[in-house]
Amino acid sequence: MCGIVGYIGNKQAYPIIINGLKRLEYRGYDSAGIALFDGKKIQLSKTKGKVVDLEARVAEEIETKGSVGIGHTRWATHGIPNDVNSHPHCSNSGDLVLIHNGIIENYASLKTELINRGYTFKSDTDTEVLVNLIEEIKKQEDVKLGKAVQIALNQVVGAYAIALFDIKKPNELVVAKLGSPLAIGIGEDEFFVASDASPFIEFTKDAIYLEDEEMAIIRLGREVRVRKIKNDKLVNANIQKLKLNLEQIEKGGYDHFMLKEIYEQPTVIKDTYRGRLLANKGIIKLGGLDDNISRFTNADRIIIIACGTSWHAGLVAEYIFEEWTRIPVEVEYASEFRYRNPIITEKDIVIAISQSGETADTLAAIKLAKQRGAFVYGICNVVGSTISRETHSGSYTHAGPEIGVASTKAFTTQITVLTMMALEIGRVKGAIAQSDYMLHLRELELIPGHVEAALKSNEKIEEIAAVFKNAKNFLYLGRGVNFPVALEGALKLKEISYIHAEGYPAAEMKHGPIALIDDQMPVVVVAINCNHYGKVVSNIEEIKARSGKIIAVVTEGDTEVAALADYVMEVPDTPETLTPLLTTIPLQLLSYHIAVMLDKNVDQPRNLAKSVTVE
Ligand code: F6R
């Protein structure tokens with residue numbers, strides 16, 4: 001969590017850093033700060049609140065001149081969000097200025113040692129400890145800034161992406177990474193530093209992504225030098241050409257990123273299967289899978305690890321994989337998996353799902369699975385992310401940047417990849433009938449059009465949202481492959497509207513949650529045309545008998561559920577295994593409209609951050 005931006009070059013640093021922070025606000029937005037060097041002294045401004053609050057504060061209190069600077073948008077770990085705890089943090093002498101994304105776990109003992117040496121601290125943060133540790137080492141060892149950073153980082157335990165400079169050497173930025181992402185943009189006579197490439201995309205397409213345990217000294221007029229933090233070895237850093245463009249990270253006329261991302265789903269689902277799914281030839285080509293197909297067909301078990309929405313995609317995959325591949329599947333919260341003593345054998349395959357590719361718990365679970373001999377396959381959206389590099393092989397989703405904190409298009413593109421994987425493994429293993437395989441290939445190609453059709457219900461869903469926006473609780477029910485969709489629908493509502501919502505398998509309702517039902521309780525039921533249709537109709541009858549209000553997701557043309565439900569949201573017909581790609585859409589729209597009507601910050605809900613890089 002937290003977003004960091006730095007600039008050194010020949011332009012004014014302030015607008016670049018402020019715009020960059022706005023693009024990184026998805027990573028944290030409880031406080032923000034900036035430090036510029038104007039050639040004489042540090043101009044430092046920090047505030048609790050969002051980047052717009054920082055802009056207002058800057059206008060009141062500092063000069064914005066200077067062509068070197070660093071900025072930070074925070075998701076608090078150590079110390080409450082307030083002005084003092086905001087980054088950047090300065091060392092006691094005032095010479096060093098640092099921003100940090102991550103956690104220094106042994107900060108307390110380091111702090112005590114520094115206090116014993118006479119240092120004082122203004123904030124409660126681990127970051128202020130780090131900047132003073134670097135200062136102390138620089139002084140004691142009489143070394144340059146880069147060396148002092150390296151020695152300090154060898155003493156800290158934890159995770160970090162840092163950027164700092166010394167006002168006595170303002171032509172140099174020092175950056176380092178372990179566990180949190182850090183990209184360096186290389187322009188002409190200028191360099192950019194950021195948590196991802198979005199802050200500098202309009203200035204350069206050349207970037208270096210630091211690997212864990214690497215640091216770089218960025219000096220004007222020189223090549224970027226990347227070194228290993230542990231042994232000081234120079235690294236031949238790979239300069240990548242970025243494919244990202246400005247349009248992808250802007251709202252494009254939508255009121256919110258979340259709405260834009262919901263509407264992008266027909267395109268990004270297609271992007272995710274383009275070139276990989278050749279329905280007329282009966283072919284699925286997924287490079288990472290094809291290279292390892294015998295591992296999958298011979299696997300004893302597949303364990304899926306993920307968090308949040310990605311975990312819900314994993315639950316959908318459990319149904320699909322078991323159906324088509326007949327390989328047993330277990331789906332685990334990465335945060336639980338990493339702390340138990342899981343039984344993993346070399347014949348197990350672990351699939352890790354992560355939009356950001358940076359989620360700390362998922363990353364730790366991957367490391368554990370690898371240590372125990374499992375083959376680990378990653379499904380990530382962010383190219384070059386830590387998880388995509390830590391896994392043995394994998395497939396990217398092609399959702400493009402997901403900026404709304406509530407995940408939408410990441411979920412449907414993850415399911416698209418998982419569906420292709422299950423079909424291909426099933427075909428090679430001979431576990432799926434050829435006719436079934438061909439049917440699903442053809443139907444998968446129709447999904448983008450079906451999503452477009454489902455999006456046409458937007459206005460009707462907005463009307464339903466208006467009816468239920470003041471409800472205090474919601475229940476979401478689904479069966480089979482749509483049970484995870486119910487969980488996902490409930491999660492979307494909770495996180496952006498702050499209304500309590502629970503997802504349940506529809507049949508489980510009578511084992512407890514039915515006690516909650518009364519005429520104040522909206523129940524969202526996924527009741528599409530499928531194997532369980534009759535059973536779901538019975539569940540709806542049970543809710544009606546207790547005066548619950550039914551909002552049903554139904555297949556186009558449905559009459560039976562439509563006659564029972566108070567409101568219906570239609571999706572096109574498709575084979576049951578593919579329905580989550582459609583039934584999710586109205587639930588995303590419902591939560592979006594309720595949150596907008598309640599005047600909530602849809603793209604930046606309270607207490608959340610897009611990538612959870614702390615455990
Ligand atoms: C919910 C949401 C989170 C993420 C979770 C995992 O809308 O966005 O629950 O799904 O934090 O993140 P990734 O997929 O980046 O590992």
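Student: Why is the pairing of the T125 and H89 side chains called a polar contact?
Tutor: The two side chains come to 3.4 Å. A polar contact is a pair of N or O atoms within 3.5 Å; within protein, one must be able to donate a hydrogen and the other to accept it, and residues adjacent in sequence count only if both atoms are side-chain atoms. The value of 3.4 Å is within that limit, so T125 and H89 make a polar contact.

Student: What are the ground rules here?
Tutor: This is a predicted model, where local features need pLDDT of at least 70, side-chain atom pairs count only at pLDDT 80 or more, and totals for chains, interfaces and linings use all residues. Residues are numbered from 1 along each chain as its sequence is written, and side-chain values use heavy atoms, with hydrogens and water left out.

Student: Which backbone nitrogen lies 3.2 Å from a polar atom of the T125 side chain?
Tutor: That of E128.

Student: Where does T125 lie?
Tutor: T125 is in the loop between α3 (107-116) and α4 (126-141). Helices (H or I, at least four residues) and strands (E, at least two) are DSSP runs, numbered from the N terminus.

Student: Is T125 buried or exposed, and how do you know?
Tutor: Buried means under 20% relative accessible area, exposed over 50%, partly exposed in between (1.4 Å probe, protein chains only). T125 has 1%, so T125 counts as buried.

Student: F121 has a relative accessible area of 19%; what is F121 called, and why?
Tutor: Buried, because 19% still falls under the limit. F121 lies in the loop between α3 and α4. Its C-alpha is 8.0 Å from that of N92, which is 29 residues apart along the chain.

Student: What makes the peptide bond from H87 to P88 stand apart for a modeller?
Tutor: It is cis, with omega near 0 degrees. P88 sits in the loop between β4 (68-74) and β5 (89-90).

Student: Which residues are nearest to the ligand?
Tutor: S310, S354, S356, T359 and E495, out of 15 around the ligand. A residue is near a molecule if one of its heavy atoms lies within 4 Å of it.

Student: How do you know that T359 makes a polar contact with the ligand?
Tutor: A polar side-chain atom of T359 lies 2.4 Å from a ligand oxygen. That is within the cut-off, so the pair counts. S310 also brings a polar side-chain atom, at 2.6 Å from an oxygen of the ligand. T309 uses a backbone N or O atom, 3.0 Å from a ligand oxygen.

Student: How much of the ligand does the protein bury?
Tutor: Alone, the ligand exposes 400 Å², and the protein buries 90% of that. These areas come from the Shrake-Rupley method with a 1.4 Å probe; for residues, only the protein chains shown count as cover.

Student: Which elements give two or more residues to the shell around the ligand?
Tutor: α10 (308-325) and α17 (483-497).

Student: How do the shell residues divide into nonpolar, polar and charged?
Tutor: Five are nonpolar, eight polar and two charged. Ala, Val, Leu, Ile, Met, Phe, Trp, Tyr, Cys and Pro count as nonpolar, Asp, Glu, Lys and Arg as charged, and the others, Gly among them, as polar.

Student: Is S356 buried or exposed, and why?
Tutor: Its relative accessibility is 8%, so S356 counts as buried. S356 lies in the loop between β20 (348-354) and α12 (360-371).

Student: What contact does the S356 side chain make with the side chain of T359?
Tutor: A polar contact, at 3.5 Å. The backbone nitrogen of E358 also lies 3.1 Å from a polar atom of the S356 side chain.

Student: What is notable about phi at D189?
Tutor: Phi is positive, about 55 degrees, although D189 is not a glycine. D189 sits in the loop between β9 (183-186) and β10 (191-194).

Student: Why is D189 put in its accessibility class?
Tutor: D189 has 56%, over the upper limit, so it counts as exposed.

Student: And what class does S547 get at 39%?
Tutor: The value falls between the two limits, so S547 counts as partly exposed. Its phi is also positive, near 70 degrees, and S547 is not a glycine. S547 lies in the loop between α18 (533-544) and β26 (549-555).

Student: How is E541 classed at 41% relative accessibility?
Tutor: Partly exposed, because 41% is also between the limits. E541 lies in helix α18.
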